[in-house]
Every structure is written in C-alpha cells, then in structure tokens.
Protein chains: 2
Amino acid sequence: MPLFKKVAIVGVGLIGGSLGLAIKKKKLARSVLGVARHKETIHKARKLGAIDHGGTSLSFIQDADLIILATPISHILKELPQVVKFAKKNALLMDVASTKNEILKTAKKYAKNKVHFIGCHPLAGSEKRGIDNANVNLFKGALCILTPLVQRKAEIFKIQRLWHSLGARTCILSSERHDRILAYTSHLPHALAFCLMHILPINYFVFSATGLKDTTRIAASDFLVWKDIFLSNKKEVISAVKNYQRRLNYFLRLLSRNKQRKLENFLATAKLKRDSL
Amino acid sequence: MPLFKKVAIVGVGLIGGSLGLAIKKKKLARSVLGVARHKETIHKARKLGAIDHGGTSLSFIQDADLIILATPISHILKELPQVVKFAKKNALLMDVASTKNEILKTAKKYAKNKVHFIGCHPLAGSEKRGIDNANVNLFKGALCILTPLVQRKAEIFKIQRLWHSLGARTCILSSERHDRILAYTSHLPHALAFCLMHILPINYFVFSATGLKDTTRIAASDFLVWKDIFLSNKKEVISAVKNYQRRLNYFLRLLSRNKQRKLENFLATAKLKRDSL
C-alpha cells in the first residue's frame, strides 16, 4: 500500500517537479496532483510524468492527505491561509523552503488543529530552476532537515519515511537553529557570491579561471528566490555577514601590516578546515 | 627541429611537472631537466616522464636555452640572482607565477643584458599541488598571460609558440595591469573563500550542500603559495577587498532597511553578469 493516497504539490518547479517524479517512481502515492500559476507548467509536468493531473487553482488540493508547498517563500506565506482553508481535516502539510522560522510562525497561526505542519528543507538543489530541470534523483544522498510544528510522532515518522524512500537522510532541528546554521552554510556563501559578481568588471571576465567560476556558480541562482530567502532570514543573515566582515578586516590587517607568520596561520587554518569539509 | 635544445624547469610541482610532461610529449625540446629541493621529487618526476634528468643544485640550468621558474613567488625572488648567474648568455627565462609586478622588478634588476625575461601566468591550475598531480593536459584551452620584460619580438614569439604548442592561448599585458586584473578575478575570490572557511563552525559542516563546497574549493589551495601571492600583490588585493567591502555594506543596508525592490535589482544584476561569465 502506498504511503499516501493523494499528494498535492503546490509549485511544480525544480524542487516540486523533482518530488513529483520521485514520488511517482517510488509509488509512494496513489496519485500526484500539481498546482501551478501557469497552465503550461501543469502541461509540462504531466508530460514529464511529475504529476498525474493538476490545475491553476488551490482548490485542487482539497482531497490530498499530503500537501507539499514548493513555491518561493513569499508565496508560501501568502498562500498558507488559503491552503489551510482548502485542506482536508488532519492532512499533512509540508514546505520545502530554505528558511523556516517565518514559515513556521505563519503556519502556527493558521494551521491550528486542522492540519499537521512539518517544515522540511532538503539540502539539494541547483542554480537552475523550473520544471525543465526537475530530476528524479535530486534528493538521493541529500540531508533533509525537518522542523516540525506538530509534535505527534506518527506524522513526523510518515514524513521521514517519505524522504528516506527518496534516498535522503533526515534530521530534526528547531526552526531557530535551522535558520542560524543555514545563514552560515548557505545564505552567507550566496550573499558573498552575488556581491563578488557585482564588483567584477565585465572586461576582466576573459582573465578568469575555474576558481572564479566555481566560487560564483551560485550567483546564477534565481534572484527572486534569493530575495525571499535573504529577507525571510534577515536577522541571521545580517549577523553572519557582520561576523564575516570582522574576519575579512582581520585578513586585511594581517596583509597591510605584513604579518607573514600570522597570515600563514590564518590561511593554513582555513585550508585545514576546508580539507575536512 | 624542436623549439628548444635544453629546457630547465626549476620547481617540478603541479605546474612545473605538467609543463615537463607536455613539453616532452610535444617534443618541444631535445632534453628537459628539472631542479628541485628534494631528490625524491626529481626521482618521481623522472619516473612520471616529466623530466629526462635533474638534481637539487641550480647549477644544473647552465646549458639551458629556456629556463622556467616554477617555484612559489618568494622562492623565485630569492633565486633570481643565482639563476641569472648560472644561466648562459642570451638564455630565455620565464616564470609561471600568479603575480607579476614584483617578479618583473626583480628580474629587471638582475637579468640586465644577460638573459631575456618574459613573465608568464597560465590561468590553469588546481587546488591540488605537487608532482603527483601533474597533468599533461593542464594548459589545454587555458589563457596564458605574458608580461615580457624583454621587448624583442623574436623571444616573445618563441614563448608564444611554446604555449600555443601546449594548447594554450596567449595575450600580452603590462605587469601592472595583470596584477590589478588578477586581484579581482583570482586573488579576491581566494581571500573570500579562505575567510569564509575561517568563520564556518565545524559542527555546521554536516548541514552544507554543493553550493558551499563549490564556493570554498579554492580555500583548499596551498596556503604557502597563497601567502606569497597575497603579499606580492598586497596593494591591489587590499584595494579589491576594500571595494568588495563597500558592496557587501551596500547589500547589508538594502537588507536591513527592507529595500525589496533595490535588493531584487542588486541580485538580478549579479545573476545576469554570472550568466555571461
């Protein structure tokens, strides 16, 4: 028997589409339906086999026992009241967004006793976007962080089983801890890459090697998604950037004062840490 | 007839070893000899076919018509007087280091009318080091920047032919322009990656995805090589980092003041530039 009767995916882009493909491949649901803003996306998702059917209205989700929110953060925040309204009683509701605090607070406000909300953040993705880049193996080997609002073990266990079936590992964190950690491991590196691209003169591009390309790959990410992430995790991102600035100032001091020995130690420590990443 | 009679490579590491392998494969010299600090390196380089013979004394270079300096910058600066002393009259002398100003100034002081010095910087490499990682195809498709001290066309043309034979493209820049450009396209990204690794708490590593790994790959580079690069190009690196700090401050301002529209434009501009890299 499949894990779910009907799974509804709101937002059939890279993550939502990949989830649809994987859920269908692993036969984890009797049917998978999609909701998207544009009919064309639904059409493509059906053709690719990421959903069985779907449409542009949120009312489509009403029979689902699992609803997956896979739209950008600002959309999730706006859609949540409507989603809860259309959801059936005791449905499982999860998101896959990159920040968790703000979404959990909003979910808490609206979900009440009607749906069971479990925040999810699969650490998988790509700088590419859209259903065209959906990939059935996207979550294989990835870590998915769960930030449950509901504390009932049965529901958490079911969502864990879903991710494990897709090849992902799971761990549980509070949304506060999630947002602090991800500010360092993901949001800060993205902010640094966006700023680096910003100051690079275009006529210097021809003099770049693989180092620059690797370092800035994530600056090719969807800027609307990242605007949402930065704003949604503003406090932690600002704190991480300020911490980073202090380190950059220290590097500048070592360099301008010719502190060869300390500079060597500084770089050696960084290299040693990177080797263990 | 090969391009050179005898090529001497001082420093048979990743770059020097790869040059030896490629020069021998393309039969660009009758013989290739190597100079290294440790006998074991010479032994390995011979076994891999990167050199024909060699030793630990600089006096080995005396018959070479091309001498390649492939040691870290601080070593090149120290070795240059000795190298010129042992070099035969009218030998071609080139380096492959990542900064050019300081080396050219030192070369100018010592080379005088005895040898023809041409600075070279192949934009190829790896965070890995040493003869064990030498690769015959390292320079294929890469751009090699030439910063000639000598202005005689015959010598420049000969060095260009060498690089072209190894599959690289070449261009000519002044050492000042080279060091300014590379401060942005290479030294700044490395400084940012080293600083990022520095502030990342080790217990957060498990919550990282490919984005962080790509962004910080270059922080695994040889810290002694990079200490030399930063110190040798101090003025330009400091200027690039300060310029970067202003942009990072601007990003912080947009974020803390909730300037959604401007933040969106900021990220969109960075993405657009990255897409064209």
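User: Which residues of helix 8 of chain A are buried?

Analyst: The buried residues of helix 8 in chain A are Trp226(A), Lys227(A), Asp228(A), Ile229(A), Phe230(A), Leu231(A) and Ser232(A). Please note that this is a predicted model. Helix 8 covers residues 223-232 of chain A, and because seven of its ten residues are buried, the helix is largely enclosed by the rest of the structure.

User: Against which helices do these buried residues pack?

Analyst: Within chain A, the buried residues of helix 8 pack against helix 3 (73-86), helix 4 (101-111), helix 6 (175-199) and helix 9 (234-256). They also pack against helix 9 and helix 10 of chain B.

User: What is found at the start of helix 8 of chain A?

Analyst: There, a side-chain oxygen of Asp222(A) comes to within 2.9 Å of the backbone nitrogen of Leu224(A).

User: How is a pair of aromatic rings described?

Analyst: In general, one gives the distance of the centres and the angle of the planes. In this structure, the count comes to 14 aromatic pairs over all chains. For Tyr250(B) and Phe266(B), the ring centres are 5.7 Å apart and the planes stand at 55 degrees, so this pair is tilted. Tyr250(B) belongs to helix 9 (residues 234-256) of chain B and Phe266(B) to helix 10 (residues 260-275) of chain B, so the pair ties together parts 16 residues apart in sequence.

User: Is Phe266(B) buried or exposed?

Analyst: Phe266(B) has a relative accessible area of 3% and is therefore buried. Tyr250(B), at 30% relative accessibility, counts as partly exposed.

User: Which residues form one aromatic cluster with Tyr250(B) and Phe266(B)?

Analyst: The cluster also contains Phe194(A), Trp226(A), Phe230(A) and Phe251(B). Among these, Trp226(A) and Phe230(A) are buried residues of helix 8 of chain A.

User: Where does Lys85(A) lie with respect to Phe86(A)?

Analyst: Lys85(A) lies over the face of Phe86(A), 4.9 Å from the ring centre. In chain B, the charged end of Lys85(B) sits over the ring of Phe86(B), at 4.9 Å from its centre.

User: How are two copies of a chain related?

Analyst: The general description is a rotation about an axis and a shift along it. Here, a turn of 180 degrees with a shift of 0.0 Å along the axis lays chain A on chain B with an RMSD of 0.0 Å. The two copies are thus related as by a two-fold rotation axis. The same surface serves both copies, since 99% of the contact residues of chain A recur in chain B.

User: Which residue of chain A comes closest to the rotation axis?

Analyst: That residue is Thr215(A), whose C-alpha is at 2.0 Å from the axis.

Key: Residues numbered from 1 in each chain as written. Chains lettered and ligands numbered in written order. Predicted model: local features only at pLDDT ≥ 70, side-chain atom pairs only at ≥ 80, totals over all residues. Heavy atoms only, no water. Least-squares fit on C-alpha atoms with pLDDT ≥ 70 in both. Contact = heavy atoms within 4.5 Å. Phe/Tyr/Trp six-rings, centres within 6.5 Å; stacked < 30°, edge-to-face > 60°. Helix = DSSP H or I, 4+ residues; strand = E, 2+ residues; numbered from the N terminus. Buried < 20%, exposed > 50% of the residue type's maximum accessible area, 1.4 Å probe, protein only. Lys NZ or Arg CZ within 6 Å of the ring centre and 35° of its normal. Polar contact = N/O pair within 3.5 Å; in protein donor to acceptor, adjacent residues only side chain to side chain.
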